[in-house]
Amino acid sequence: MQLTEKHRQYWRRNLRLTGFLLVVWFVVTFVVGWFARDLQSLTFLGFPFSFYMAAQGAQLIFLILVGYYAYCMDKLDREYGVHEDDQ
Amino acid sequence: MAKPTQPRFVSQLKRYYALYTGGFIGFVVLLSILEQMGVPNKILGYIFLGMTVLLYAGIGILSRTSDVSEYYVAGRRVPAFFNGMAVGADWMSAASFIGLAGTLYLSGYDGLAFVLGWTGGFVLVALLLAPYLRKFGQYTIPDFLGARYGGSLPRSIGVFAAILCSFTYVIAQIYGVGLITSRFTGLDFGTGVFVGLGSILVCSFLGGMRAVTWTQVAQYVILVIAYIIPVIWLSVKHTGNPIPQVAYGYVLEKVTAREQVLNDPTTPEGAREAEVRAIFKQRQSAEEARLKALESGGKTYLAQEKNKLVKADEELKAGRDADPKAIKAADNAVKNFPADVASARNAWRTMAEADRVKAGPIAAHAEPFAGPDEATRDKKRKNFLALVMCLMVGTAALPHILMRFYTTPTVREARHSVFWSLFFISLLYLTAPALAVLAKYDVYTLLVGSSFSELPSWVSAWASVDSSLMSVTDINHDGIVQLSEITIGGDLIVLATPEIAGLPYVITALVAAGGLAAALSTADGLMLTISNSLSHDVYYKMIDPKAPTRRRLFIAKALLLGVAVFAAYITSLKPGDILFLVGSAFSLAASAFFPALALGVFWKRANKTGAILGMVGGLLTCMVYMYITYPFFGVNASLWWDINPISAGIFGIPVGFAGVVLGSLATDAPDKATQVLVDHVRYPNLERDIKTKVA
């Protein structure tokens, strides 16, 4: 069997999206975590910024990442005709 | 039973669970009326725990099944929303429910590694695994390894790793079940374990994944209500705002201000704290002197010390008007005196360490990686990030979680259900840091500075139940409580919150039921993973592929029973520290599974040799590092780059990736059929224009 060019394009766009979201994930967790001591003097919503990020901000961003991925992939599936039949 | 169509099924589910939630709230209200009428607490505790356990068993009986697809993957028709709740309950264990807020209370910012790790891992699940595993659509995780890499060796390694990490994890859960049942019903620990186990078994034994799924949804509802109600109350008490996640920024500010006052010896309160700390400092020096004398004097020194105690005890008894309490204390001192040099060294070292901590200033709650010098801070930062990494990758590799994504009807629903999972998990994980800060505020302002003659009632109640959870001693004999005089065990925070907030006993029983739901739901999922690996992967796929359905299910159920009894037996031996058990399960899963699973989807070139090399290499690296560095095993080798044994996965994961890549490149590319399989999992629906067939 042979995949069409359209299929390959779908996969490339999926990889791009996945890669982009992973970069956000990495920055939010590890870059912010690495500089936690330098960021603690900033204040955000009444919290020290690094504490807020680890206790709340990061989770909310994770939730957005996962939701955004599901939304984009639904659209991408339809656009490239690889979506499942509606049940 | 005729299967209704999916939309009808979903609306039925919504109706049932809405009724159930309403019924549960009604039940709590009814019990609180009973409490007002004077029904004793112990009876209320029994009714509460008994009713919830009966409920789980009832759902198990209603969902009994003898259909293979129902037994292994709940018929693949669990809607995204409900699968999210089930993952939430599967995911949140006794450690999350009871331990997490306590860890945050005790270690402040540094404890947030668990919050970050246990939520961020779901990003990896969503992006790298869940949709592809759903499209693959078999029954277990070793199934995927077996089909993707071919041959029974990758599958066998998968089975071994799945059992190893699930078993490590399940022991921690059963331990939690025993602890809660024994504390709230007065049964002893062993009986508690077996009663809890009975209810786990009724559920998964009859209905497999189907029963476990619908029970987990019910358990999620109970555990989240139980966790959030007391925290809302506490938040209203201290801030007037019923949304603790928003309100606690202001409380954290006040806690930080309190920390500064208590650490500053020029203020009256700070001066009293300093006085107590100086006493601990003296004790610490005395302990260290004793340790030094032990090293040089050995056995003779130990005997001398014991003689001194015996003599003091005898003198006390000979005296005319000796206080009976003092005699008892002296008797105990003789009785508990360490028997040999090694145990004396351990006991005294622990005491010196405890005193050293008490002699130091209060660590700031919001400060990341606090430490006296740059080296300590740097070490803490490295360990924090390593732990976060291990927990995240481990989340995306634990078979009992990944298995749940086989149960949704479509790939699309699998993606959505990761979102709902993270949503339902976050409800609890956003509340835990708020609870820790609110409880700390309560202790720092209401308990510190109060007089020993009128302690808050929850303090004396818990101090009399278990002194390792709560104890206050007037070290400097001024009759006033100082912060350094309070010792709090982490588990206390969640267990005592209802009393700290001034809620009736019913809510305490509710929290116990929530903790039990958390432990049972996770244990259910884990035991099913273990027995499915054995019955499906080992028996059906490797020993007897022609086995009829009835025999397969019979074997699955028999193995479940065996695994449960064995796990309960191991638990009753009370091995190790719970947090270490849980953490090591994550490191093991991360090193063994993640590289082979992720590269299996994203890199077509990955082949059998690579997978074997990566899985064995990762797992071995992780196990060896734990073995040589965790004190329990007694090797005590020096740490690599100061990384604690709990984060052993930080070495296992790269070794796993390197193994897969090098092993694959050194040997031939996988065959055509494997490449077709990879394409099959990458596209939600390829049949539209191309026909693929996958076994």
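## Chain B and its contact with chain A

Gly150(B) has a positive phi of about 75°, directly after helix 7 of chain B. This is a predicted model, in which local features need pLDDT of at least 70, side-chain atom pairs count only at pLDDT 80 or more, and totals for chains, interfaces and linings use all residues. Residues are numbered from 1 along each chain as its sequence is written, while chains are lettered from A and ligands numbered from 1 in the order in which they are written.

Helix 7 covers residues 141-149 of chain B. Eight of its nine residues are buried, so the rest of the structure largely encloses helix 7. Buried means that 20 or more other C-beta atoms, placed from the backbone, lie within 10 Å of the residue's own. Among the buried residues are Ile141(B), Phe144(B), Leu145(B) and Tyr149(B). Asp143(B) and Arg148(B) are buried too.

Now the whole chain. Chain B holds 24 helices and two strands. Helices (H or I, at least four residues) and strands (E, at least two) are DSSP runs, numbered from the N terminus. The radius of gyration of chain B is 27 Å, close to the 26 Å from the globule rule for 695 residues, so chain B is as compact as a globular protein of that length. That radius is taken over C-alpha atoms, and the rule is 2.2 Å times the number of residues to the power 0.38. Of the 695 residues, 51% count as buried.

Next, a helix pair. The axes of helix 11 (residues 268-318) and helix 13 (residues 341-359) of chain B come within 8 Å and cross at roughly 165°. Axes are lines fitted to C-alpha atoms over the stretch in contact, with angles from 0 to 180 degrees between N-to-C directions. The crossing angle makes helix 11 of chain B roughly antiparallel to helix 13 of chain B, a term for angles over 145 degrees.

Chain A meets chain B through 41 residues of chain A and 47 of chain B. Contact means C-beta atoms, placed from the backbone, within 7 Å. Helix 3 of chain A gives the largest share of the chain A side, 17 residues.

The table sorts two contacts by residue class. Ala, Val, Leu, Ile, Met, Phe, Trp, Tyr, Cys and Pro count as nonpolar, Asp, Glu, Lys and Arg as charged, and the others, Gly among them, as polar.

| Contact | Nonpolar | Polar | Charged |
|---|---|---|---|
| Side of chain A that touches chain B | 24 residues | 13 residues | four residues |
| Helix 11 of chain B with helix 13 of chain B | ten residues | two residues | twelve residues |

Conventions
A residue is buried if 20 or more other C-beta atoms lie within 10 Å of its own, exposed if 12 or fewer, and partly exposed in between; C-beta atoms are placed from the backbone. Two residues are in contact if their C-beta atoms, placed from the backbone, lie within 7 Å. Angles under 35 degrees count as roughly parallel, over 145 as roughly antiparallel, 65 to 115 as roughly perpendicular and the rest as oblique.
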